[in-house]
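User: I am new to this structure and would like to understand the terms used to describe it. Please explain each one by setting the value against its definition.

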Amino acid sequence: MMSNLLIMPMLLPFLCALILVFIKNKNQTSKILSITTMIVSTLISLALLIYVVNHKPITLDFGGWKAPFGIQFLGDSLSLLMVTVSSFVVTLIMAYGFGRGEKRVNLFHLPTFILLLTVGVIGSFLTSDLFNLYVMFEIMLLASFVLVTLGQSVEQLRAAIIYVVLNIIGSWLFLLGIGMLYKTVGTLNFSHIASRLNHMESNQTITIISLVFLVAFSSKAALVIFMWLPKAYAVLNTELAALFAALMTKVGAYALIRFFTLLFDHHPGITHPLLVFMSCITMLIGAFGVIAYKDIKKIAAYQVILSIGFIILGLGSHTHAGVNGAIFYLSNDIIVKTLLFFIIGSLVYISGFRNYQYLSGLAKREPFFGVAFIVMVFAIGGVPPFSGFPGKVLIFQGAIQNGNYIGLALMILTSLLAMYSLFRVMFVMYFGDTDGEEVKFKEIPPHRKGILGILVAVVLAMGIAAPVVLKVTDNATNLNMKEHVFQENVNSHLKEVEK
């Protein structure tokens, strides 16, 4: 029964997307239907997550064909945590609305493409097969290509070209890696690959294949290969920027965690130091970006890059604490970056400007934004008891255990710079000089303030109730890192065949 529910978080948004195509002239009905669909998907995902944490991972074999021959979905602590958090933020994004274009969004099928992107994201988390992961990536990317090009400005067209070209190159490398791995091990199922790699001796070909996947997923996660992200995110409107920041890079980060804990962790002397090195470069890129710009959308975009560096530093440590922290911080960052882009988008809407110098005195007129901004800054900085703290502490611990002191120092330094870049905005909001151009602040709809309030509450709850989330992330870390545990709990019949 529970295994049959595994398809629902992906099937429901897909069916809703199809229905929205036929009711594009009924805006209110479309909005209610899409929000309801995502609420149900979130609740189902949460129920499945609770079940697998207390029992064991569940699988769904389509058509009754068992792995490795059929299409299989896998629900474990890692995948279902990502699905639950992603479904939750998409629910809030759909509820947030589309501003002045609210009456026209259905004519351009914007909610439909958001839901299709969600299908690709959730499918990427749930699939247990390499080729199906590629298919889900492509569904996600095709929907994102449409969303990033839905505009008429030259700036948006330029950003879209860079975004599309780099992601196509990444997809080509991903497909190349799949072909090379299949030729080497003769299977594409995760648990079957892991089982066969366990029986293989040190193989230079496997190292080369792992590097191909590393580059492919790095282009998706903006790990060093970041050029597409700042331009694309800066030109998107609020809800789409929040959607991309919350999900697009996180799928790439999830894939890196899954691959380099479960599959390519037997000879980590090359890949994992390279992950640490790339994370350090990414943190430096993010730090320079958040300091260099006064455009608050660009600052927010580089905050996304910076957080990817933190996550991959934990993964590269190749320790239980580091990977546990990376998974916790990844799930937390989906929430925090949604909050960040909602706040930034609201500030741009209220003031009409993207330069933070025009926000003088806003926090005195709108105290709610001041409070929400402070909570968001402390969560990004990893200040206790906010949600960024537990993940960063574990990543610190993993870096120390593995001797990654340079990475640890960079993480501390760039975290402070990330907070500083946002504190500049906050100080202008509270204490800025009102001389110069007079800005007439607009009123933001009350329901959007309510959505910001929900996200603030979740950020606080994830920090205060961290042991609950850590139980999930610890379970995910054990399953993917401990030798043979994944194969014993997922497709154990394949292990018997290998014997």
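**Terms and the values behind them**

Analyst: Thr187 lies in the loop that connects α6 and α7. Please bear in mind throughout that this is a predicted model.

User: Why is Thr187 called buried?

Analyst: The relative accessible area of Thr187 is 4%. A residue counts as buried under 20%, and therefore Thr187 is buried. Apart from neighbours within four places in sequence, Thr187 is in contact with Pro68, Tyr182, His192, Ile193 and Arg196. The side chain of Thr187 also reaches the backbone nitrogen of Asn189 at 3.5 Å.

User: What makes helix α7 mostly covered?

Analyst: Helix α7 spans residues 190-198, and seven of its nine residues are buried. These are Phe190, Ser191, His192, Ile193, Ala194, Ser195 and Leu197.

User: Why does Thr149 count as partly exposed?

Analyst: Thr149 has a relative accessibility of 41%. Buried requires a value under 20% and exposed a value over 50%; 41% falls in between, so Thr149 is partly exposed. Thr149 is found in the loop between α5 (130-148) and α6 (154-185). Beyond its neighbours within four places in sequence, Thr149 is in contact with Gln156 and Ala160. Thr149 and Tyr163 are 14 residues apart in sequence, and their C-alpha atoms are 9.9 Å apart in space.

User: What is notable about phi of Val224 and of His318?

Analyst: Phi of Val224 is near 70°, a positive value in a residue other than glycine. For His318, phi is near 55°, again positive in a residue other than glycine. Val224 sits in the loop between α8 (204-221) and α9 (228-235), and His318 in the loop between α12 (296-316) and α13.

User: Are Val224 and His318 buried, partly exposed or exposed?

Analyst: Val224 has a relative accessibility of 26%, and His318 has a relative accessible area of 26%. Partly exposed covers what lies between under 20% and over 50%, so Val224 is partly exposed, and so is His318.

User: How do you know that Asn332 is buried, and what does its side chain meet?

Analyst: Asn332 has a relative accessible area of 1%. The limit for buried is under 20%, so Asn332 is buried. Asn332 is found in helix α13. Its side chain makes a polar contact with the side chain of Ser387 at 2.4 Å. A polar contact needs a pair of N or O atoms within 3.5 Å, and 2.4 Å meets that limit. Leaving aside neighbours within four places in sequence, Asn332 is in contact with Ser387, Gly388 and Met462.

User: Why is Glu239 called buried, and which residues does Glu239 touch?

Analyst: The relative accessible area of Glu239 is 3%; because buried means under 20%, Glu239 is buried. Glu239 lies in helix α10. Not counting residues up to four places away in sequence, Glu239 touches Ile93, Tyr96, Gly97, Phe98, Leu110 and Phe342. Glu239 and Leu92 are 147 residues apart in sequence and 9.3 Å apart in space, C-alpha to C-alpha.

User: What makes up the largest nonpolar core, and which helix gives the most to it?

Analyst: The largest nonpolar core has 177 residues, and Leu130 and Tyr233 have the most contacts inside it. Helix α10 (residues 238-263) gives the most to this core, with 19 residues. Leu130 touches Phe174, Ile178, Leu181, Leu188, Phe190, Ile193, Phe213 and Phe259, not counting residues up to four places away in sequence.

User: What lines the second largest pocket?

Analyst: The second largest pocket has a volume of about 640 Å³. Its lining has 23 residues, of which Leu46, Leu49, Leu81, Thr84 and Val469 lie nearest its centre. By class, 17 lining residues are nonpolar, five polar and one charged. Helix α2 gives the most to the lining, with eight residues. Helices that each supply at least two residues are α2 (27-54), α3 (77-96), α13 (320-351), α18 (446-464) and α19 (466-481).

User: Where is the cis peptide bond?

Analyst: A cis peptide bond joins Pro384 and Pro385, with omega about 5°. Pro385 is placed in the loop between α15 (367-381) and α16 (388-401).

How values were computed:
Residues numbered from 1 in each chain as written. Predicted model: local features only at pLDDT ≥ 70, side-chain atom pairs only at ≥ 80, totals over all residues. Heavy atoms only, no water. Core = buried A, V, L, I, M, F, W, Y, C linked by side-chain atoms within 4.5 Å. Buried < 20%, exposed > 50% of the residue type's maximum accessible area, 1.4 Å probe, protein only. Helix = DSSP H or I, 4+ residues; strand = E, 2+ residues; numbered from the N terminus. Contact = heavy atoms within 4.5 Å. 1 Å grid on protein atoms, 1.4 Å probe; cavity = no way out; pocket = protein on both sides within 12 Å on 5 of 7 lines; lining within 4 Å. Points joined across faces, edges and corners; volume = space filled by probe spheres on them. Nonpolar A, V, L, I, M, F, W, Y, C, P; charged D, E, K, R; others polar. Polar contact = N/O pair within 3.5 Å; in protein donor to acceptor, adjacent residues only side chain to side chain.
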